[in-house]
Amino acid sequence: MTRRSCDGAGLLGAFRFAVANLEAHVDEVNALNVFPVPDGDTGSNMAATVRVALDEAEGAAGQPADRIAAAISFGALMGARGNSGVITSQILNGMARGLERKRRFNGLDLAHCLTLGTETAYAAVKKPVEGTILTVIREASAAAKTAAEHDDAIETVLAATVDAAEKAVARTPSLLPILREAGVVDAGGQGLYRLFQGALKFVVGEALAGGVSARVHDGAKPSALVAHADEGYGYETMFLLQPAPGHDLDIDAIRTHLETIGESVVVAGDSRAAKVHIHNDRPDGVISYGLGLGALSRISVENLDNQARDVRESRASEFTGRAPGPGGEAAGGGGVRVDPDVDGSAIGPANTDGARVPVAVVVVAAGDGLASMFRDFGVAAIVRGGQSANPSTGELLAAVEAVNADEILLLPNNPNVVLAARQVAELADRPVHVIPTRNAAEGFSALLALDPAATAANNVADMTEQGRALATLQVTTAVRDAKIGRRKVRKGQTIVLDPDDGLVASDGDRDRAILSAIATLPQGLELITLFYGDGAELAEAEALARMIADARPGIEAEVRHGGQPHYRYLISAE
């Protein structure tokens, strides 16, 4: 019998299957990376994003469809990793809006949700490109609407969605030349198709290979937004708040009120759901206030005066999947962690008394050497992560909230982290300005333009311009045969890419490939810096620096240890 509608339990079940199906195809999606570099992580990023969304939804089990959808949306927002994860979170956000005040939904409702998901995703991208996940959600939502107007059974509409998504993915190479040249379909679109496919399997009663089970939580799960817990201040109260039917949450008003009755206030979310954290001596008053606004779930109250600091830090990191690692660092499954030397000081003169400062800098860095150099610049916080280990929106937000500053400058240092960084700017409890740096070298250059006496907003233009003015190259090894632009590369060759992943040079001989790329750099340069990473040794890097100096007389070539994964060298020229 055809399933005609879906309630909260059905939505949660379908989402469990969607997540499990994507997880079963992560390697397939990762392998669709356009560029033959060893850091294809679209599937991993999307899976990590929806995994956190599912954890949130499990915490709302037993609730009607609108509450499940809101939990999925909030979890995806906080767990979003990489550009593909951020766009997925925006699709889920739009879909949740379509289910507001609906205990159950049919195929027409689903079609409307998909339309809103499409609009939200397109709005999140400054320059939408067809032939990507955006095309897939647009064509899938259009097919859903057509199907729903003939038969509004949820099974019929979802089947049309899956079919259209699969066909749209197959057409992506015809819309995006870079996909056609690489001989692959769009990875993000394929990941979205696998999500829809998994949901359909649940609806029609088809088993998934490997099975699927609910994620069971032991009690309330605390927020990951509390990276700045005090040493002890009465009680720590945390909960997930969803508005009463027919009402929206006013995040600013909630935050303003809580700041009058407590300390370390964090309120993150939107009009449909918010995570709340506060320290005060009357948790009953906080909970009563929350109940006056709507429904509470995942409530946690802890006596801070009786807790050890390491226990609190461990609890505060659970949401983002980070557990305390050696030396107090929080290590994520993807290698993401927040630098333990955060002291809240602004870049420039050290802030030794812990006082709040006007402007501070938070950066993302991959590799011990790069992180050490950023630390020398005096940044307030370093989120460790990069290629194949993109930090989530929640992890970036936790780092920002941990810094004692009025405004934050956030440097993602990776094109695949920029969208997550921009989501942080929308969620944070203070102004956050994103400098869209594409690699660590651009980040170093941008910091040279920072004026500590100016506001963060007034620093953005100069820092962005300074970062982009630097010429940079990235050296890695092709992991498969491919075509980049109109040039073919073979598996095992050294390839040198520009900051936008354009192919600059390739050769079976590493030194020859690098020297060919160096020859393309403009005249008048004075300094070339080699940041050597995984697979490279100091002696090799020094020898390469000498070859570069010989090939470009008048240029000084220096060597620094970067420690970055996947890329043997990051090269900057100025």
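Modeller: Before we start, a salt bridge here is a side-chain nitrogen of Lys or Arg within 4 Å of a carboxyl oxygen of Asp or Glu. Please also keep in mind that this is a predicted model.

Colleague: Thanks! With that rule, how many salt bridges are there?

Modeller: The rule asks for a nitrogen and a carboxyl oxygen within 4 Å. When it is applied to this model, the number of salt bridges is 24.

Colleague: Let's take one of them. How far apart are N and O in the salt bridge of Asp284 and Arg282?

Modeller: Asp284 is partly exposed, because its relative accessible area is 40% and that class lies between 20% and 50%. Its side chain meets that of Arg282 in a salt bridge, with an N to O distance of 2.5 Å.

Colleague: Arg430 and Asp429 also form a salt bridge. Which class, buried or exposed or partly exposed, fits Asp429?

Modeller: In this pair, the closest N and O atoms are 3.1 Å apart. Arg430 has a relative accessible area of 9% and is therefore buried, since buried means under 20%. Asp429 has 26% relative accessibility, so the class for Asp429 is partly exposed.

Colleague: And how many residues apart are Asp500 and Arg438?

Modeller: Their side chains meet in a salt bridge at 3.0 Å, N to O. This pair links distant parts of the chain: Asp500 sits in the loop between strands E17 and E18, while Arg438 sits in the loop between strand E13 and helix H17, and the separation is 62 residues.

Colleague: Is Asp500 buried or exposed, and which is Arg438?

Modeller: The limits are under 20% for buried and over 50% for exposed. Asp500 is at 55% relative accessibility, so Asp500 is exposed. Arg438 is at 12%, so Arg438 is buried.

Colleague: Which residues are linked with Arg438 and Asp500 in a network of salt bridges?

Modeller: We have already met Arg438 and Asp500 as a pair with a salt bridge. The network of salt bridges links them with Glu442 and Arg468.

Colleague: Let's turn to empty space inside the model. How many cavities of 30 Å³ or more are counted?

Modeller: Rolling a probe the size of a water molecule over the atoms shows where empty space is left. The largest cavity holds about 420 Å³, and the second largest has about 190 Å³. With a threshold of 30 Å³ or more, the count of cavities is four.

Colleague: Which residues lie nearest the centre of the largest cavity?

Modeller: Helices H1, H4, H5, H6, H8 and H10 each give two or more residues to the lining of the largest cavity. By class, this lining has 23 nonpolar, one polar and no charged residues. Of the 24 lining residues, those nearest the centre are Leu11, Phe15, Leu92, Met95 and Leu110.

Colleague: How many charged residues line the second largest cavity?

Modeller: This cavity is lined by 15 residues, with Asp66, Arg67, Glu100, Arg101 and Pro243 nearest its centre. By class, the lining has five nonpolar and four polar residues, and the number of charged residues is six.

Colleague: Which element gives the most to that lining?

Modeller: Helix H4 and strand E3 each supply at least two lining residues of the second largest cavity. The element that gives the most, with three residues, is H4.

Colleague: Arg101 came up just now. What is its phi?

Modeller: Arg101 is in the loop between helix H5 and strand E2. Its relative accessible area is 54%, and therefore Arg101 is exposed. Although Arg101 is not a glycine, its phi is positive, at about 65°.

Colleague: Is Asn413 buried or exposed?

Modeller: Asn413 also has a positive phi, near 55°, in a residue other than glycine. Asn413 lies in the loop between strand E12 and helix H16. Its relative accessible area is 8%, so Asn413 is buried.

Colleague: How far apart in space are Arg81 and Met46?

Modeller: Arg81 lies in the loop between H4 and H5, and at 14% relative accessibility Arg81 counts as buried. Arg81 and Met46 are 35 residues apart in sequence, yet their C-alpha to C-alpha distance is 7.0 Å.

Colleague: One last stop, on the surface. Which residues join Ile299 in a nonpolar patch?

Modeller: Ile299 belongs to strand E6. Because its relative accessible area is 36%, Ile299 is partly exposed. The patch has about 210 Å² of accessible area together, and the partners of Ile299 in it are Tyr235 and Val301.

Key:
Residues are numbered from 1 along each chain as its sequence is written. This is a predicted model: local features need pLDDT of at least 70, side-chain atom pairs count only at pLDDT 80 or more; totals for chains, interfaces and linings use all residues. Side-chain values use heavy atoms; hydrogens and water are left out. Patches are made of residues with over 30% relative accessible area and no salt bridge: like charges are joined within 9 Å, nonpolar side chains (Val, Leu, Ile, Met, Phe, Trp, Tyr) within 5 Å. Accessible areas come from the Shrake-Rupley method with a 1.4 Å probe; for residues, only the protein chains shown count as cover. Helices (H or I, at least four residues) and strands (E, at least two) are DSSP runs, numbered from the N terminus. Buried means under 20% relative accessible area, exposed over 50%, partly exposed in between (1.4 Å probe, protein chains only). On a 1 Å grid over the protein atoms alone, a cavity is a set of points where a 1.4 Å probe fits but cannot get out, and a pocket is an open set with protein on both sides within 12 Å along at least five of seven lines; lining residues have an atom within 4 Å of a point. Grid points are joined across faces, edges and corners, and a volume is the space filled by probe spheres set on the points. Ala, Val, Leu, Ile, Met, Phe, Trp, Tyr, Cys and Pro count as nonpolar, Asp, Glu, Lys and Arg as charged, and the others, Gly among them, as polar.
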